[in-house]
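I opened this entry to note what I looked up, point by point. The structure goes in first, my notes after it.

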Amino acid sequence: ADSFVCRYTWIPKLVRALNEDPSFLTDKYDAMVKLGVGSNMVSAIKIWGKEMGIIEKAPGGGDYLVTEFGEQIFGVGDLDRFLEDQNTLWLLHWNLCTKKDPLYAWHYLINHWHKSDFSQSEVLAEFAMDDKSTEASRKRHLDVFLRTYVGSSSAKNDVQEDNLDCPLVELNFIRKIGDRAISTNSDSGKREAIYSFRFEEKPEISDEVFIYCLADYWSKYRSSEKTLDFATISTSPRSIGQVFKLPEAALRKTLEDLEDRSGGIFIFDDS
């Protein structure tokens, strides 16, 4: 996605265009015309479509197809064709964080960062030890991650479809909580923002989304297991507790009600 965050109209527009012409993404000029954006943005839209689980490569060909997930929400299923329901945003966030090969910043910060807050300099220092890309590339990648969840102040009063923020900003998943001096050898006096995950109960996540994500995690990563223990659901990489940043008490409360909420499909045994 390089330096472009995903925008409101991109995913619905991508699904409509692909359903009309499955080969349009193979011709960059055709894609520019159909999506109404420049060449670099076509590449970004394609990347976000894949990372959010909306499109996938057609078997044995260069074309792309809308996934069953994408079709149910934005296509024939018509669950949320114009991206108006916050539950859709939680599902897109879930897909970004739980792929087998997620974008690096999502994999590291959502699934493996265990502090409650972070700054750009300390994250970039950690990235440098593990990610072999260039420093400039790592900075751009982290910037895209932050702009995916933290809105620009100028966008507060914009019409939703017109502002340049990512729709996932609406989740209020990451907050800017202050600033602190940047740790450097020289006493430069420069300061940087501190960010924090919203680690609290999230009643806005519907029962249906919770159940879907639990089933998705189980089938992708624990399919051979008949039961999952609480610690796995709460703290393991790509689990509901990690991806949604749910405190243990809030997660336990949801699981205790899961038998009723799921119509008996899932049962939580407190022993």
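**Entry 1: an aspartate in a loop**

The model is a predicted one. I began with Asp-78, which counts as partly exposed because its relative accessibility is 42%. I found Asp-78 in the loop between H4 and H5. Its backbone caught my eye: Asp-78 is not a glycine, yet its phi is positive, about 55°. Most residues other than glycine have a negative phi.

I then noted a second residue of this kind. Asn-172 has a positive phi near 50° and is not a glycine either. Asn-172 lies in the loop between helix H8 (135-149) and strand E4 (174-181). With a relative accessible area of 33%, Asn-172 is partly exposed.

**Entry 2: the cysteines**

How many disulfides are there? I got a count of zero. I checked Cys-6 in particular. Cys-6 is in no disulfide, and the nearest cysteine sulfur, that of Cys-166, is 5.3 Å away. The cut-off for a disulfide is 2.5 Å between the sulfur atoms, so this pair does not qualify. Cys-6 is buried, at 1% relative accessibility.

Why is Cys-213 not bonded to Cys-97? The sulfur of Cys-97 is the closest cysteine sulfur to that of Cys-213, but at 10 Å it is too far for a bond. Cys-213 counts as buried, with 0% relative accessibility.

**Entry 3: the start of the chain**

I moved to Val-5, in the segment before H1. Is Val-5 buried or exposed? I read 3% relative accessibility for Val-5, so it counts as buried. I looked for what it touches, leaving aside neighbours within four places in sequence. Val-5 is in contact with Trp-10, Trp-48, Val-144, Arg-147, Thr-148, Leu-164 and Cys-166. I also took one distance across the chain. Val-5 and Leu-146 are 141 residues apart along the chain, and their C-alpha atoms are separated by 9.4 Å.

Next came helix H1, residues 10-20. Its buried residues are Trp-10, Ile-11, Pro-12, Leu-14, Val-15, Ala-17 and Leu-18. In an α-helix, residues three or four places apart point the same way, because there are 3.6 residues a turn. What covers the buried residues of H1? The cover includes three helices: H2 (28-35), H3 (39-51) and H4 (68-74). It also includes strands E1 (55-57) and E2 (64-66).

**Entry 4: H5 against H9**

I compared the axes of H5 (residues 86-98) and H9. They come within 11 Å and cross at roughly 15°. An angle under 35 degrees counts as roughly parallel, so that is how H5 and H9 run relative to each other. Their crossing is right-handed.

Which residues meet here? From H5 I listed Asn-87, Trp-90, Leu-91, Trp-94 and Thr-98. From H9 I listed Val-209, Tyr-212, Cys-213, Asp-216, Tyr-217, Lys-220 and Tyr-221. I sorted the residues of this contact by class: eight are nonpolar, two polar and two charged. Cys-213, one of the H9 residues in this contact, is the buried cysteine of Entry 2.

I also looked up Glu-208, which is in helix H9 (residues 207-221). Glu-208 counts as exposed because its relative accessibility is 60%. From Glu-208 to Arg-140 I counted 68 residues along the chain, with 35 Å between the C-alpha atoms.

**Entry 5: H6 against H7**

The axes of H6 (residues 104-111) and H7 (residues 120-130) come within 12 Å. They cross at roughly 115°. The crossing of H6 and H7 is right-handed. Tyr-104, Ala-105, Tyr-108 and Leu-109 are the H6 residues in the contact. On the H7 side they meet Val-123, Glu-126, Phe-127 and Asp-130. I noted six nonpolar, no polar and two charged residues in this contact.

**Entry 6: a serine in a loop**

My last stop was Ser-236. Where is Ser-236? I placed it in the loop between helix H10 (230-235) and helix H11 (240-244). Ser-236 counts as buried, since its relative accessibility is 10%. Neighbours within four places in sequence aside, Ser-236 is in contact with Tyr-217, Arg-222, Ala-231 and Gln-242. Tyr-217 is also among the H9 residues that meet H5.

How values were computed: Residues numbered from 1 in each chain as written. Predicted model: local features only at pLDDT ≥ 70, side-chain atom pairs only at ≥ 80, totals over all residues. Heavy atoms only, no water. Buried < 20%, exposed > 50% of the residue type's maximum accessible area, 1.4 Å probe, protein only. Helix = DSSP H or I, 4+ residues; strand = E, 2+ residues; numbered from the N terminus. Contact = heavy atoms within 4.5 Å. Axes fitted to C-alpha atoms, helices over the stretch in contact; angles between N-to-C directions. Parallel < 35°, antiparallel > 145°, perpendicular 65-115°, else oblique. Left-handed = near helix turned anticlockwise from the far one by under 90°. Nonpolar A, V, L, I, M, F, W, Y, C, P; charged D, E, K, R; others polar.
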